[in-house]
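This report goes through one protein model, from its sheets to its side chains. Please keep the sequence and the coordinates at hand while reading.

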Amino acid sequence: MPATIHIPDAYLDSKLGALETNTLKCMLIDISTYNRATDSTSAHLTEVSGTGYTAGGCAVTCTVTPDTTNHKTVIVFTPAGWAGATTISATGAAIIDTNDGNKIVAVDDFGATVASSGGTYSVAAITHEFTHF
């Protein structure tokens with residue numbers, strides 16, 4: 001029988017808590033080319049392009065809320081938006097940590113192509129919950 005390994009709450013919270021002060025960006029991507037097993041940085045992603053979209057993504061922030069009673073951490077990345085987005089289509093979004101070699105922190109699969117129709121292209125807040133075991 002395999003052993004059960006636990007990551008101490010304090011260790012995981014300190015590592016995830018660094019995200020609150022790092023520079024994060026939200027990139028719009030083609031999710032069909034994303035490989036969660038091997039893709040680790042923004043260089044591995046297929047970023048979309050279009051009128052109103054800024055290559056490299058837009059700045060976002062996050063809050064990290066540790067819950068040592070239930071041994072989990074909740075991370076919420078703020079919504080992202082591109083004004084004047086008239087020709088953007090994407091199937092996903094990726095949160096990138098520019099302080100850590102443009103590593104992928106989170107990926108959001110939209111489930112279908114989301115296209116802009118003028119105005120602002122928006123990605124809702126992205127929430128991740130990590131259980132510490």
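The sections below cover the sheets, the core, the aromatic pairs, the cysteines and a few loop residues.

## The four-stranded sheet

The model is predicted. One of its sheets is open and has 4 strands in the order 2-1-6-7, with antiparallel pairing. Strand 2 and strand 7 are at the edges with a single partner strand each, so one side of each has no neighbour in the sheet. On average, neighbouring strands here are turned by 30° against each other, direction ignored.

Strand 6 (residues 89-97) and strand 7 (residues 103-115) are joined by 8 bridges in the antiparallel sense. Ser-89 has Ala-115 in strand 7 as its bridge partner, and Ile-95 has Ala-106 in strand 7. The two strands, 6 and 7, make a hairpin with 5 residues between them. In the turn of this hairpin, Gly-101 has a positive phi of about 65°.

## The three-stranded sheet

Another open sheet consists of 3 strands in the order 3-4-9, and its pairing is antiparallel. The edges are taken by strand 3 (62-67) and strand 9 (126-131); each has a single partner strand, so one side of each is left without a neighbour in the sheet. From one strand to the next, the twist averages 15°.

Strand 4 (residues 72-77) runs antiparallel to strand 9, and 6 bridges join the two. Within this pairing, Thr-73 has Phe-130 in strand 9 as its bridge partner.

## The nonpolar core

In soluble globular proteins, nonpolar side chains tend to be buried together. In this model the largest nonpolar core has 32 residues. Those with the most contacts inside the core are Leu-28, Phe-77, Trp-82, Ile-88, Ile-95, Tyr-121 and Val-123.

Which residues does Ile-88 touch, not counting those up to four places away in sequence? The contacts of Ile-88 are Leu-28, Val-48, Gly-50, Thr-51, Gly-52, Tyr-53, Trp-82, Val-114, Ala-115, Ser-116 and Tyr-121. Leu-28, Trp-82 and Tyr-121 also appear among the residues with the most contacts inside the core.

## Aromatic pairs

The structure contains 2 aromatic pairs. In one of them, the rings of Tyr-53 and Trp-82 have centres 5.2 Å apart and planes at 45°, so this pair is tilted. Tyr-53 is in the loop between strand 1 and strand 2, while Trp-82 is in strand 5 (residues 80-83), so the pair ties together parts that are 29 residues apart in sequence. Both Tyr-53 and Trp-82 are buried.

Trp-82 also pairs with Tyr-121, in an edge-to-face arrangement with 6.3 Å centre to centre and 65° between the planes. Tyr-121 belongs to strand 8 (residues 120-123) and Trp-82 to strand 5, so this pair ties together parts that are 39 residues apart in sequence. Tyr-121 is buried, as is Trp-82. Tyr-53, Trp-82 and Tyr-121 thus make up one aromatic cluster.

## Cysteines

A disulfide is a covalent bond between the sulfur atoms of two cysteines. How many disulfides does the model have? The count is 0. The cysteine sulfur closest to that of Cys-26 is in Cys-58, and at 5.6 Å the two are too far for a bond, because the cut-off is 2.5 Å. The sulfur of Cys-62 has its closest cysteine sulfur in Cys-26, 13 Å away, which is also too far for a bond.

Cys-26 is buried because its relative accessibility is 1%, and Cys-62 is buried with a relative accessible area of 6%.

## Loop residues

Most residues other than glycine have a negative phi. His-71, in the loop between strand 3 and strand 4, has a positive phi near 55°. At 34% relative accessibility, His-71 counts as partly exposed. Asn-102, which is not a glycine, has a positive phi of about 60°. Asn-102 is in the loop between strand 6 and strand 7 and is partly exposed, with a relative accessible area of 32%.

Is Thr-41 buried or exposed? Thr-41 counts as buried because its relative accessibility is 18%, and buried means under 20%. Thr-41 is placed in the loop between strand 1 (24-29) and strand 2 (58-60). Leaving out residues up to four places away in sequence, Thr-41 touches Gly-101, Asn-102, Lys-103 and Ile-104. Of these contacts, Gly-101 is in the turn of the hairpin formed by strand 6 and strand 7.

Technical notes. Residues are numbered from 1 along each chain as its sequence is written. This is a predicted model: local features need pLDDT of at least 70, side-chain atom pairs count only at pLDDT 80 or more; totals for chains, interfaces and linings use all residues. Side-chain values use heavy atoms; hydrogens and water are left out. Buried means under 20% relative accessible area, exposed over 50%, partly exposed in between (1.4 Å probe, protein chains only). Contact means heavy atoms within 4.5 Å. Rings of Phe, Tyr and Trp (its six-membered ring) pair if their centres lie within 6.5 Å; planes under 30 degrees apart count as stacked, over 60 as edge-to-face and the rest as tilted. Two strands pair if DSSP finds at least two bridges between them. Axes are lines fitted to C-alpha atoms, for helices over the stretch in contact, and angles run from 0 to 180 degrees between N-to-C directions. A nonpolar core is a set of buried Ala, Val, Leu, Ile, Met, Phe, Trp, Tyr and Cys residues joined through side-chain atoms within 4.5 Å.
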